[in-house]
Amino acid sequence: MAVTIDTRTHVIGDLMMITGTWENGDTSIDVSSHLSKVFMAFVAPTNASEQANPLGIVGTTIHFTESAAHDGIWSAIGQR
């Protein structure tokens, strides 16, 4: 299980968008190393048989469930 954060970020005014990947078994993504507040988060599977369901954002941690043995991608927009 390993969450990665892509090294190339996207800046939109005072907002930052970060992206990355998650592995099978991951259920949370901590983005506190890049963002102080998260406004929006997205998780998606990389395989059609997988489901990734966002549960919510607590502070700078994105929580989700996933239902198969595959990996996925994620993105978040927030303040630096």
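The exercises below work through strands, a nonpolar core and a surface patch in a predicted model.

Residues are numbered from 1 along each chain as its sequence is written. In this predicted model, local features need pLDDT of at least 70 and side-chain atom pairs count only at pLDDT 80 or more, while totals for chains, interfaces and linings use all residues; side-chain values use heavy atoms, with hydrogens and water left out.

**Exercise 1.** Find which strands pair with E8, and name a bridge partner in E8 for tryptophan 22 and for methionine 40.

Solution.
Step 1. Strands (E, at least two residues) are DSSP runs numbered from the N terminus, and E8 covers residues 72-79.
Step 2. Two strands pair if DSSP finds at least two bridges between them. E3 pairs with E8 in the antiparallel sense over eight bridges. E5 also pairs with E8 in the antiparallel sense, over eight bridges.
Step 3. Tryptophan 22 has glycine 72 as its bridge partner in E8, and methionine 40 has isoleucine 77.

**Exercise 2.** Decide whether E8 is mostly covered or mostly open, and classify isoleucine 73 and glutamate 23 as buried, partly exposed or exposed.

Solution.
Step 1. Buried means under 20% relative accessible area, exposed means over 50%, and partly exposed lies in between (1.4 Å probe, protein chains only).
Step 2. Six of the eight residues of E8 are buried, and the strand is mostly covered.
Step 3. Isoleucine 73 belongs to E8; its relative accessibility is 40%, so isoleucine 73 is partly exposed.
Step 4. Glutamate 23 lies in the loop between E3 and strand E4 (28-30). Its relative accessible area is 33%, so glutamate 23 is partly exposed too.

**Exercise 3.** Describe the largest nonpolar core and the strands that supply it.

Solution.
Step 1. A nonpolar core is a set of buried Ala, Val, Leu, Ile, Met, Phe, Trp, Tyr and Cys residues joined through side-chain atoms within 4.5 Å.
Step 2. The largest one has 13 residues, and Ile29, Val31 and Trp74 have the most contacts inside it.
Step 3. At least two residues of this core come from each of E3 (15-22), E5, E7 (61-66) and E8. E3 gives the largest share, three residues.
Step 4. Beyond four places in sequence, isoleucine 29 touches residues including Val3, Val43 and Trp74 (contact: heavy atoms within 4.5 Å).

**Exercise 4.** Name the residues of the nonpolar surface patch and the strand with the largest share.

Solution.
Step 1. Patch residues have over 30% relative accessible area and no salt bridge; like charges are joined within 9 Å, and nonpolar side chains (Val, Leu, Ile, Met, Phe, Trp, Tyr) within 5 Å. A salt bridge is a side-chain nitrogen of Lys or Arg within 4 Å of a carboxyl oxygen of Asp or Glu.
Step 2. Phe39, Met40, Phe42 and Ile73 make a patch of about 370 Å² (Shrake-Rupley method, 1.4 Å probe).
Step 3. E5 (residues 37-45) supplies the largest share, three residues.

Conventions:
Helix = DSSP H or I, 4+ residues; strand = E, 2+ residues; numbered from the N terminus.
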